[in-house]
Amino acid sequence: MELEWLDSRIVDGLSELVLVFDERGQILFGNQAALEKLEYERDELTECNMTQIFRQVFSRAGESSDVFDRSRVEGRGDIAMYRKNSSCFPADVHILPAARAGAYVLLAEDVTV
């Protein structure tokens, strides 16, 4: 998916992990730092849902629907982020509404570094 309001050239240069996702938790974009740290290829990551990355924060409401509950993240410090291989690392996470209605931008920094 092309996000015209997002300049991926700039975002890919950030050291922080950046994920853009919709209200259902479907990942729309991940920057280069997110791809490397989470060990996904770009096309694999955009097929993921946030329930796969944040297993303790995003809950599965049913077989086919995933629900993002922003209130479970607000005001929290370190949250475990899960890699493709199911290992995890603690990250300082911040979520902001995106320029596109119904989308969010997640900024995360690995706190083990």
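Start at the core. Select Leu-19, Leu-38, Ile-53, Phe-54, Met-81 and Leu-106: these residues have the most contacts inside the largest nonpolar core, which holds 23 residues. Now colour the elements that give two or more residues to this core: strand S1 (17–22), H2, helix H4 (50–53), S5, S6 and S7. S6 makes the largest share, with four residues. A second, separate core has eight residues, among them Leu-28, Phe-29, Ala-98 and Val-105. Keep in mind that you are looking at a predicted model.

**Met-81 and its surroundings**

Stay in the main core and centre on Met-81, one of its residues with the most contacts. Show everything in contact with Met-81, but skip its neighbours within four places in sequence. Leu-17 and Leu-19 appear, and so do Leu-38, Ile-53 and Phe-54. Met-81 also touches Ser-87, Cys-88, Phe-89 and Ala-91. Ala-108 completes the set.

**Zoom out to the whole chain**

Switch to a cartoon view. The chain has four helices and seven strands. Trace it from the N terminus, and the elements run α-β-β-α-α-α-β-β-β-β-β. Of the 113 residues, 42% count as buried. Turn on the surface: the chain exposes about 6200 Å², and carbon and sulfur atoms supply 46% of that area. Contacts also reach across the sequence. Among those between residues at least 6 apart, 40% join residues at least 24 apart.

**The five-stranded sheet**

Next, select the strands S2, S1, S7, S6 and S5. In that order they form an open sheet with antiparallel pairing. Strand S2 (27–30) and S5 are the edge strands, and each pairs on one side only. Look along the sheet to see the twist, which averages 40° from one strand to the next.

**S7, inside the sheet**

Pick out strand S7 (residues 103–110). Is S7 enclosed or open? Six of its eight residues are buried, so S7 is largely enclosed by the rest of the structure. On one side, look for S1: six bridges join S1 to S7, and the two run antiparallel. Select Asp-22 and Ala-103 to see one bridge pair, with Ala-103 in S7.

**S6 against S7**

Now add S6. Seven bridges join S6 to S7, again in the antiparallel sense. Several pairs are good to label:

- Ala-91 has Asp-110 of S7 as its bridge partner.
- Asp-92 has Glu-109, also in S7, as its bridge partner.
- Pro-97 stands opposite Tyr-104 in S7.

Then follow the chain round the turn. S6 and S7 form a hairpin with five residues between them. Stop at Gly-102 in this turn, where phi is positive, about 80°.

**Leu-96 on S6**

Select Leu-96, which is found in strand S6. Is Leu-96 buried or partly exposed? Its relative accessibility is 44%, so Leu-96 counts as partly exposed; the buried class needs under 20%. Now draw a distance from its C-alpha to that of Leu-107. These two residues are 11 apart in sequence and 8.3 Å apart in space.

**S5 against S6**

Move to the other partner of S6. Strand S5 (residues 78–82) pairs with strand S6 (residues 88–97) in the antiparallel sense, over five bridges. Label Tyr-82: it stands opposite Cys-88 in S6. This hairpin has five residues between the strands. Which residue here takes a positive phi? Select Ser-86, with a phi near 75°.

**Last stop: Leu-35 in H2**

Leave the strands and select helix H2 (residues 32–38), where Leu-35 lies. Leu-35 has a relative accessible area of 8%, so it is buried. What covers the area around it? Set aside residues up to four places away in sequence, and Leu-35 touches Gly-30, Tyr-40, Glu-41, Arg-42 and Leu-45. Finish with one more distance. The C-alpha atoms of Leu-35 and Leu-45 are separated by 7.4 Å, and the two residues are 10 apart along the chain.

Terms used: Residues are numbered from 1 along each chain as its sequence is written. This is a predicted model: local features need pLDDT of at least 70, side-chain atom pairs count only at pLDDT 80 or more; totals for chains, interfaces and linings use all residues. Side-chain values use heavy atoms; hydrogens and water are left out. Two strands pair if DSSP finds at least two bridges between them. Buried means under 20% relative accessible area, exposed over 50%, partly exposed in between (1.4 Å probe, protein chains only). Contact means heavy atoms within 4.5 Å. Accessible areas come from the Shrake-Rupley method with a 1.4 Å probe; for residues, only the protein chains shown count as cover. Axes are lines fitted to C-alpha atoms, for helices over the stretch in contact, and angles run from 0 to 180 degrees between N-to-C directions. A nonpolar core is a set of buried Ala, Val, Leu, Ile, Met, Phe, Trp, Tyr and Cys residues joined through side-chain atoms within 4.5 Å.
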